[in-house]
Amino acid sequence: LMFAIRDSLGNLVGFAGRALDGSNPKYLNTPQTALFDKGHLLYGTNLANESFKREGIAVIVEGYMDVIAAHQHGYRNVVASMGTALTEHQVALLKQRATTVILALDPDLAGQEATLRSLEGSWSIVGKQHLSDSRRLKSPLYERTGDLEMLRIAILPGGKDPDELIRSDPTQWHSLINEAVSVVDYLFQALGQRIDVSSSHGKMELTDRLFPLIASMQNPYE
């Protein structure tokens with residue numbers, strides 16, 4: 001099954017193929033060229049531009065079928081990172097077009113890991129630096145928290161990727177996007193599941209990773 005990949009202006013830049021008979025590789029893309037660079041592209045941006053402008057919200061999913069299902073059901077502000085962690089170039093592209101960016105990646109372990117990689121990998125655009133660098137740096141982190149406030153995370157129910165969820169219950173998708181949480185709330189939940197906070201070492205590790213972010217928040221009530 002072939003998917004045409006277009007840039008934000010609608011120009012054809014490459015293709016993606018998905019095997020339907022269980023053979024490997026499951027996905028096969030056009031080799032990287034000057035025009036086709038997955039880290040600089042978001043699938044469906046050319047179709048979502050008007051919705052970005054009108055609603056001010058961009059929703060990021062992982063796969064081609066996630067985007068197709070969303071657009072078929074009227075959610076035209078949805079684009080895909082094409083199975084890769086969100087990059088600085090992709091975030092910059094979105095910041096030009098929307099005031100709020102919502103990550104809605106698959107709820108399985110791989111999807112959660114992709115969310116964390118996206119947060120860390122594109123942090124210099126959305127926020128500041130890798131969370132894991134916090135204990136090695138003496139200077140305050142997250143000096144650009146204004147950018148951080150534009151990013152939210154949609155927590156999807158287990159067992160269904162966005163494609164399945166949208167096709168089975170479009171209204172639930174709408175609710176989950178509206179209920180997307182802040183980066184801090186998401187990280188408390190995601191990292192809390194990966195770190196043993198019942199031990200003093202675990203408490204220290206979680207504090208090292210999250211306190212610089214909390215301390216940098218400009219709103220004291222937050």
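Trainee: Which residues of helix α1 (residues 45-55) are buried?
Mentor: T45, A48, N49, S51 and F52 are the buried ones, meaning under 20% relative accessible area with a 1.4 Å probe, protein chains only. Please note that this is a predicted model, in which local features need pLDDT of at least 70 and side-chain atom pairs count only at pLDDT 80 or more, while totals for chains, interfaces and linings use all residues. Residues are numbered from 1 along each chain as its sequence is written, and side-chain values use heavy atoms, without hydrogens and water.

Trainee: And what covers the buried residues of α1?
Mentor: The cover includes two strands, β4 and β5, together with helices α2 and α3 (88-95). Helices (H or I, at least four residues) and strands (E, at least two) are DSSP runs, numbered from the N terminus.

Trainee: What happens just after α1?
Mentor: G56 follows the helix there and takes a positive phi of about 75°.

Trainee: Turning to the sheet, in what order do the strands lie?
Mentor: The order is β5-β4-β6-β7-β8. These 5 strands make an open sheet with mixed pairing, where a pair requires at least two DSSP bridges.

Trainee: Which strands stand at the edges, and why is one side of each left without a neighbour?
Mentor: The edge strands are β5 (78-80) and β8 (181-182); each has a single partner strand, so one side has no neighbour in the sheet.

Trainee: How many bridges join β7 to β8?
Mentor: Strand β7 (residues 151-153) is joined to β8 by 2 bridges, and the two run antiparallel. Within that pairing, I153 of β7 is opposite V181 in β8.

Trainee: Which helix packs on the sheet?
Mentor: Helix α2 (residues 64-72) does, touching β4 (57-61) and β5; contact means heavy atoms within 4.5 Å. As noted for α1, helix α2 is also part of the cover over the buried residues there.

Trainee: A new topic: where is F3, and is F3 buried or exposed?
Mentor: F3 belongs to strand β1 (residues 2-6). The residue is buried, with a relative accessible area of 6%.

Trainee: What does F3 touch?
Mentor: Not counting residues up to four places away in sequence, F3 touches G14, F15, A16, R18, Y43, Y64, M65 and I68. Among them, Y64, M65 and I68 fall within the residue range of α2.

Trainee: How many residues apart in sequence are F3 and G14?
Mentor: They are 11 residues apart in sequence, and the C-alpha to C-alpha separation in space is 8.7 Å.

Definitions and conventions
Axes fitted to C-alpha atoms, helices over the stretch in contact; angles between N-to-C directions. Buried < 20%, exposed > 50% of the residue type's maximum accessible area, 1.4 Å probe, protein only.
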